[in-house]
Amino acid sequence: MLCAVMRRVLTIAFALAAAVSFSACGDKSNLPADESASVKRGAELFAERCHGCHTMDTVGAEGGASEVRDRERVDGPNFNVRVESKENVLYAIRNGGYSGAIMPENIVVGKDADMVADFLSKYAGGQAKEQRSNSENKVQDSAR
Ligand code: HEC
């Protein structure tokens, strides 16, 4: 009897989880509707080519390390919290990250690279910026 109830609860839970993940799939980017076409394209390219190793909620990318214990060698920085300048993104794209050891070089080139860099330099670090703007973190920042 209890088992049957549990099974039912689990079935519902799975159905809900599936519904949530499907809806997350449909809407890959959370960019504002009035964002420029090139930044939107940069976000698409990032979602296609960079998501395997980097995390960024804006485009639903979950490839980076979020916990030290889960970390794999190929996991790159989490762009929810890491702020990037356009120059640094272009450098990383051309050279395969900063170390050149893991991330492949030139996954995107030319105008594509430029659009990815525009997108990342604008949106990377979004969560860090949010955290920084709440007063608790301001105190921590000034103590550093
Ligand atoms: C095979 C996994 C992999 C892929 C694919 C990948 N990266 Fe990386 N990336 C890494 C790793 C690992 C690092 C950190 C080590 C390093 O800098 O060499 C990194 C570092 C970076 C950095 C430097 C960040 C910092 O602050 O240290 C940027 C910027 C970056 N990647 C952007 C991108 C972009 C844009 C793409 C897609 C065009 C991409 N990466 C695809 C693995 C990857």
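# Exercises on a helix, a core and a ligand shell

On helix α3, the exposed residues E87 and R94 sit on the face turned away from the buried side of the helix. The model in which they are found is a predicted one. The exercises below begin with this helix.

## Exercise 1. The two sides of α3

Determine which residues of α3 are buried and why they line one face of the helix.

*Solution.*

Step 1. List the buried residues: in α3 these are V89, A92 and I93.

Step 2. Look down the axis of α3: its buried residues lie within an arc of 100°, and therefore they line one face of the helix.

Step 3. Recall the geometry of helices in general. An α-helix has 3.6 residues a turn, so residues three or four places apart point the same way.

Step 4. Find the packing partner: the buried residues of α3 pack against α4.

Step 5. Inspect the end of the helix. Just after α3 comes G96, whose phi is positive, at about 75°.

## Exercise 2. The overall layout

State how many helices and strands the protein chain has, and in what pattern they follow one another.

*Solution.*

Step 1. Count the elements: the protein chain has six helices and two strands.

Step 2. Arrange them along the sequence, which gives the pattern α-α-β-β-α-α-α-α.

Step 3. Consider burial: the protein chain has 144 residues, and 18% of them count as buried.

Step 4. Consider contacts between residues at least 6 apart in sequence: in the protein chain, 49% of these join residues at least 24 apart.

## Exercise 3. The largest nonpolar core

Identify which elements give two or more residues to the largest nonpolar core, and which one supplies the largest share.

*Solution.*

Step 1. Establish the membership: the largest nonpolar core has 18 residues, and F46, V89, V116, F119 and L120 have the most contacts inside it.

Step 2. Assign the core to elements: α2, α3 and α4 each give it two or more residues. The largest share is that of α4, with six residues.

Step 3. Follow one member. Setting aside residues up to four places away in sequence, F46 touches M56, V59, A61, V116, F119 and L120.

Step 4. Place this in a general setting. In soluble globular proteins, nonpolar side chains tend to be buried together.

## Exercise 4. The shell around the ligand

Describe what surrounds the ligand: how many residues, which are the closest, and how they divide by type.

*Solution.*

Step 1. Count the residues: 26 surround the ligand, and the closest are C50, C53, G76, G97 and S99.

Step 2. Sort them by type: 17 are nonpolar, six are polar and three are charged.

Step 3. Trace them to elements. At least two residues of the shell come from each of α2 (37-49), α3 (86-95) and α4 (110-123). The largest share, four residues, is supplied by α3.

## Exercise 5. Buried or exposed?

Decide why N106, I102, G52 and E48 are classed as exposed or partly exposed, and locate each one.

*Solution.*

Step 1. Note the cut-offs: a residue is exposed with 12 or fewer other C-beta atoms within 10 Å of its own, and buried with 20 or more.

Step 2. Begin with N106, in the loop between α3 and α4. N106 counts as exposed because it has 11 C-beta neighbours inside 10 Å. Its phi is positive, near 50°, although the residue is not a glycine.

Step 3. Turn to I102, which also lies in the loop between α3 and α4. I102 is exposed because it has 12 C-beta neighbours inside 10 Å. Beyond its neighbours within four places in sequence, I102 contacts R73, V74 and G97. The C-alpha atoms of I102 and C53 are 10.0 Å apart, with their positions 49 residues apart along the chain.

Step 4. Take G52, in the loop between α2 and β1 (55-56). G52 is partly exposed because it has 13 C-beta neighbours inside 10 Å. From C-alpha to C-alpha, G52 and D75 are separated by 8.1 Å.

Step 5. End with E48, which belongs to helix α2. E48 is partly exposed because its C-beta neighbours inside 10 Å number 15.

## Exercise 6. Confidence

Find where the pLDDT falls below 50, beginning from the average of the chain.

*Solution.*

Step 1. Take the average: the pLDDT of the protein chain averages 80, and 67% of the residues score at least 70.

Step 2. Locate one stretch: over residues 19-27 the pLDDT is below 50, and beyond near neighbours in sequence this stretch has one contact in the model.

Step 3. Locate another: over residues 135-140 the pLDDT stays under 50, and the model has two contacts for them beyond four places in sequence.

Terms used: Residues are numbered from 1 along each chain as its sequence is written. Ala, Val, Leu, Ile, Met, Phe, Trp, Tyr, Cys and Pro count as nonpolar, Asp, Glu, Lys and Arg as charged, and the others, Gly among them, as polar. Two residues are in contact if their C-beta atoms, placed from the backbone, lie within 7 Å. pLDDT is the predictor's confidence in each residue, from 0 to 100. A nonpolar core is a set of buried Ala, Val, Leu, Ile, Met, Phe, Trp, Tyr and Cys residues joined through C-beta atoms within 7 Å. The arc is that of the directions from the helix axis to the C-beta atoms.
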